[in-house]
Amino acid sequence: MLNFTVGPVMSSKEILEIGGQQIPYFRTSEFSEIMFENEKLMSKFAKAPTDSRTVFITGSGTAAMEAALMNVFDGHDKVLIVDGGSFGHRFVQLCEIHHIPYETVIPKEGYSVTEEQLSNFDNKGFTGFLVNLDETSKGVLYDIDVISAFCKRNNLFLVVDSISSFLCDEFDMDKLNVQVMITGSQKALACPPGVSMIVLSPKAVERVYSKEVESMYFGLKSALKNGERGQTPFTPAVGILLQINARLKQIESEGGVEAEIAHTAEIAGDFRRKIRHLPFEIVSKSLSNAVTPLHPLNVSAYDIFTCLKDEYGIWVCPNGGEMADRIFRVGHIGCLTIEDNDRLIGAFEDMQKRNLL
Ligand SMILES: *Cc1c(COP(=O)(O)O)cnc(C)c1O
C-alpha cells in the first residue's frame with residue numbers, strides 16, 4: 001500500500017512496531033514521564049509561549065476543535081470564522097451547537113482571506129477568531145500573518161486549527177499571538193488516528209480555569225490538573241500516546257520542527273515539479289506543504305482515485321460532495337519519499353497511456 005491521502009497517513013517502521021506491542025498500564029510514573037515529554041515537545045514545536053500547556057484528548061481532531069471552543073468561548077463572545085471549506089464550516093456548526101455568536105468571512109475560491117476582507121470587520125465588537133490554518137478540504141493555506149495582525153489590532157482571542165499544517169508549514173504561536181493551537185495524531189505526526197492535542201497559551205489556560213463547562217469529557221480543567229502529574233483524567237489511547245512520543249523524539253533528534261517542515265516542503269515541491277507535463281491544474285493559489293489539490297482536465301477526479309486504489313495499490317484523497325468529480329488531493333505528509341512520488345507519477349503516466357487520464 002502506498003498512501004498519499006491527508007490522514008491517516010503512512011507511519012514509519014518504528015511507529016508501526018510500537019503499535020504491535022502490548023499496551024502498558026498507565027497510572028505509573030513511567031507513563032507520566034512520557035506524557036511530560038510529549039507536552040514539552042508539543043509546546044516546543046508549536047513555538048508556544050513560556051508556561052503554555054498542552055492537553056491530549058482521546059478523540060479525533062474534531063473533538064479537540066469542540067473542546068477548545070467550549071472551554072474558551074461562550075454566549076458573551078462574538079467570534080469571526082473563516083468559512084472557506086468543510087473544516088471551516090465545522091467551526092460554524094460547533095458555534096451553532098454551543099450558542100457562541102459568530103459571523104463568517106468567506107475567502108475567494110482557492111485564495112486566502114485578505115487584509116482588505118478582514119478590514120471590513122475592524123472595530124465591530126468581535127472577541128475571538130477561529131481559523132483552520134490549512135483548509136485541508138480545499139488545500140488552501142491561509143495567510144496567518146494577515147490574520148494575526150487583524151487579531152492583534154482588534155485584541156481578539158485567536159484559535160487556530162493547525163491539524164493539517166502542524167509540522168508542514170511555518171508556525172510560531174508566540175509571535176503570532178495565537179492563544180490556542182489544535183492538532184491531531186493522524187496528519188503530519190503520522191501516527192494512528194485517535195488522539196488530538198490542544199496547545200494553550202498562559203492566557204488560554206487562565207480562561208479555561210475561569211469558565212464553567214457543562215461536559216465531563218470535554219471540560220479541560222481536569223485535563224490541565226491531571227497533566228500537572230503527567231496524567232489524563234480518563235483512560236487515554238495509551239498506545240497512540242507512546243507512538244506520538246517516539247515520533248516527537250524522532251523529529252527532535254533529526255533537526256526539530258524546521259527540518260521536518262523542510263522535508264515536507266521537499267516532498268511537496270518535488271511532486272509539483274514532476275506533474276507539470278500531466279493534464280492537471282493545481283486549484284489552490286495558496287498552497288500548504290501538506291497537500292496539493294488537483295483538477296484533472298480530461299476525466300473525473302473520483303475515477304482517478306478509484307483506478308489508483310484498485311489497479312495500482314496507491315491511495316490519493318478524493319474530495320466529497322459536489323467537488324468529487326472535479327478535484328482530488330495528493331498529500332505530502334507521513335512517511336513518504338521521493339521514490340514514492342516517482343511511483344505515483346509512474347502510475348499517472350501509465351494511466352495516460354491507457355487513456356484514463
Ligand atoms: C483532519 C482535519 C481535522 C480533523 O478531522 P477529524 O476527522 O476529526 O480528525 C480538522 N481540521 C482540519 C483542518 C483537518 O485537516
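Let's start with a pair of strands. Five bridges join β9 to strand β10, residues 195-200, and the two run antiparallel. One contact to look at: T183 stands opposite M197 in β10. Keep in mind that this is a predicted model.

Now the other partner of β9. Strand β8 covers residues 157-161. Three bridges join β8 to β9, and here the strands run parallel. Find V159 on your screen. Its bridge partner in β9 is V180.

So much for pairing. What about burial: how many of the five residues of β9 are buried? Five of five. The strand spans residues 180-184 and is mostly covered. Which way do the side members point? V180, I182 and G184 point one way from β9. M181 and T183 point the other way. Both sets are buried. Put that together with the pairing: V180 is the partner of V159, T183 faces M197 across the β9-β10 pairing, and both V180 and T183 are buried.

Next stop, further along the chain. Four strands form an open sheet there, in the order β11-β12-β15-β14. The pairing is antiparallel. Which strands sit at the edges? They are β11, residues 280-282, and β14, residues 317-318. Each of these pairs on one side only.

Take the β11 edge. Its neighbour is β12, residues 291-296. Three bridges join β11 to β12, running antiparallel. For a landmark, use F280: this residue stands opposite P296 in β12.

To recap: β9 pairs parallel with β8 and antiparallel with β10. The open sheet runs from β11 through β12 and β15 to β14. That's my tour.

Key: Residues are numbered from 1 along each chain as its sequence is written. This is a predicted model: local features need pLDDT of at least 70, side-chain atom pairs count only at pLDDT 80 or more; totals for chains, interfaces and linings use all residues. Side-chain values use heavy atoms; hydrogens and water are left out. Two strands pair if DSSP finds at least two bridges between them. Buried means under 20% relative accessible area, exposed over 50%, partly exposed in between (1.4 Å probe, protein chains only).
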